[in-house]
Amino acid sequence: VTTSPKDVYLALNKVFEHAGGRKRRQMRRAHEEVLAQHRELADRRERERRRIMNGREYSSAERKRDEGITSVMYGREEVLANMYFRLVPHYGVARRVLEETNSLLGRDTWKPKRVLEFGIGCGSASAAALHTFKGIAWVHGVDPSETMREGAEAFLKALTKEMEGTNSLRTTFSSHLSMQALSGSFDMVLCSYTAMEI
């Protein structure tokens, strides 16, 4: 099985070709807007933490200011920007963690077949798992954003075409965890960079 990160770049190029060729400037703008929302959310959480720690009530002025700060809504542009600027670095971190895990458990002694990725985003951690553990047959991605799920599906589909020996990979997706959404058990659960979105 080919395990080169080159597969990741080739798959990303296919996704971008299919998306109609966005300019780097457009994706940079969308990415910066997402980062600004993340900073606002982080600031809001810090204010909440301090207010709770100090036993203060929520003033109407604070409430009004904070009500305008919402979670990031990932549309098509935000998903493409996320893939362009975040997928490869997140893949690298996940790959490093999974390689160390595999080494600590005894290389090739643990062979997960079914993977659940909670907060799949664009599928960077699933891609790292596919490159680290041979023989993964099923990846189920959970993400509340439909456009993120669609992006992950497109990326993982393109990736499995680039990798040798993974054409039989089953990929499924759901917006949340539930017994109805998941009909089976999993050998490994990934939750990479999800806490910042919650």
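Visitor: Is Arg47 buried, partly exposed or exposed, and what is its relative accessible area?
Guide: The model considered here is predicted. A residue counts as buried under 20% relative accessible area and as exposed over 50%, with partly exposed in between. Arg47 falls in the middle class, being partly exposed, and its relative accessible area is 27%.

Visitor: Which residue forms a salt bridge with Arg47?
Guide: The partner is in helix α3 (residues 60–67), whereas Arg47 is in helix α2, so the pair ties together parts that are 19 residues apart in sequence. The closest N and O atoms of the two residues are 2.6 Å apart. The partner of Arg47 in this salt bridge is Asp66.

Visitor: Is Asp66 buried or exposed?
Guide: The cut-off for a buried residue is under 20% relative accessible area. Asp66 has a relative accessibility of 0%, so this residue counts as buried.

Visitor: Within helix α2, how far apart in sequence are Glu46 and Arg49?
Guide: The side chains of Glu46 and Arg49 meet in a salt bridge, at 2.7 Å from N to O. Glu46 is partly exposed at 28% relative accessibility, and Arg49 is partly exposed at 44%. Helix α2 covers residues 24–53, and about one helical turn separates the pair, because Glu46 and Arg49 are three residues apart.

Visitor: Which residue forms a salt bridge with Arg96?
Guide: Both partners belong to helix α4 and are four residues apart, which means that about one helical turn separates them. Arg96 counts as exposed at 55% relative accessibility, and its partner is partly exposed at 39%. With the closest N and O atoms 2.8 Å apart, the partner of Arg96 is Glu100.

Visitor: Which residues are joined into one network by salt bridges that share partners?
Guide: The structure holds 10 salt bridges. One of them brings together the side chains of Glu46 and Arg49. Through shared partners, the network joins Glu46, Arg49 and Arg50.

Visitor: What is the order of the strands in the open sheet?
Guide: Strands of a sheet pair through backbone hydrogen bonds, either parallel or antiparallel. In this open sheet of four strands the pairing is parallel. The edge strands, each pairing on one side only, are β3 (170–174) and β4 (188–190). From one strand to the next the twist averages 20°, and the order of the strands is β3-β2-β1-β4.

Visitor: Which residue of β4 stands opposite Leu116?
Guide: Strand β1, made of residues 114–118, pairs with β4 in the parallel sense over three bridges. Opposite Leu116, the residue in β4 is Val189.

Visitor: What angle does the direction of helix α5 make with that of β4?
Guide: Helix α5 (residues 124–132) packs on the sheet and touches β1, β2 (138–142) and β4. The angle between the direction of α5 and that of β4 is about 145°.

Visitor: How many residues of α5 are buried?
Guide: The buried residues of α5 include Ser124, Leu130 and His131. They pack against α1 (6–18), α4 (76–105), β1, β2, α6 (146–162) and β4. Helix α5 is mostly covered, and the number of its residues that are buried is nine of nine.

Visitor: What accessible area do Val93, Val97 and Tyr193 have together?
Guide: Tyr193 is located in the segment after β4, and its relative accessible area of 36% makes this residue partly exposed. With Val93 and Val97, Tyr193 forms a nonpolar patch on the surface. Together the three residues have an accessible area of about 250 Å².

Notes:
Residues are numbered from 1 along each chain as its sequence is written. This is a predicted model: local features need pLDDT of at least 70, side-chain atom pairs count only at pLDDT 80 or more; totals for chains, interfaces and linings use all residues. Side-chain values use heavy atoms; hydrogens and water are left out. Two strands pair if DSSP finds at least two bridges between them. Helices (H or I, at least four residues) and strands (E, at least two) are DSSP runs, numbered from the N terminus. Axes are lines fitted to C-alpha atoms, for helices over the stretch in contact, and angles run from 0 to 180 degrees between N-to-C directions. Contact means heavy atoms within 4.5 Å. Patches are made of residues with over 30% relative accessible area and no salt bridge: like charges are joined within 9 Å, nonpolar side chains (Val, Leu, Ile, Met, Phe, Trp, Tyr) within 5 Å. Accessible areas come from the Shrake-Rupley method with a 1.4 Å probe; for residues, only the protein chains shown count as cover. A salt bridge is a side-chain nitrogen of Lys or Arg within 4 Å of a carboxyl oxygen of Asp or Glu. Buried means under 20% relative accessible area, exposed over 50%, partly exposed in between (1.4 Å probe, protein chains only).
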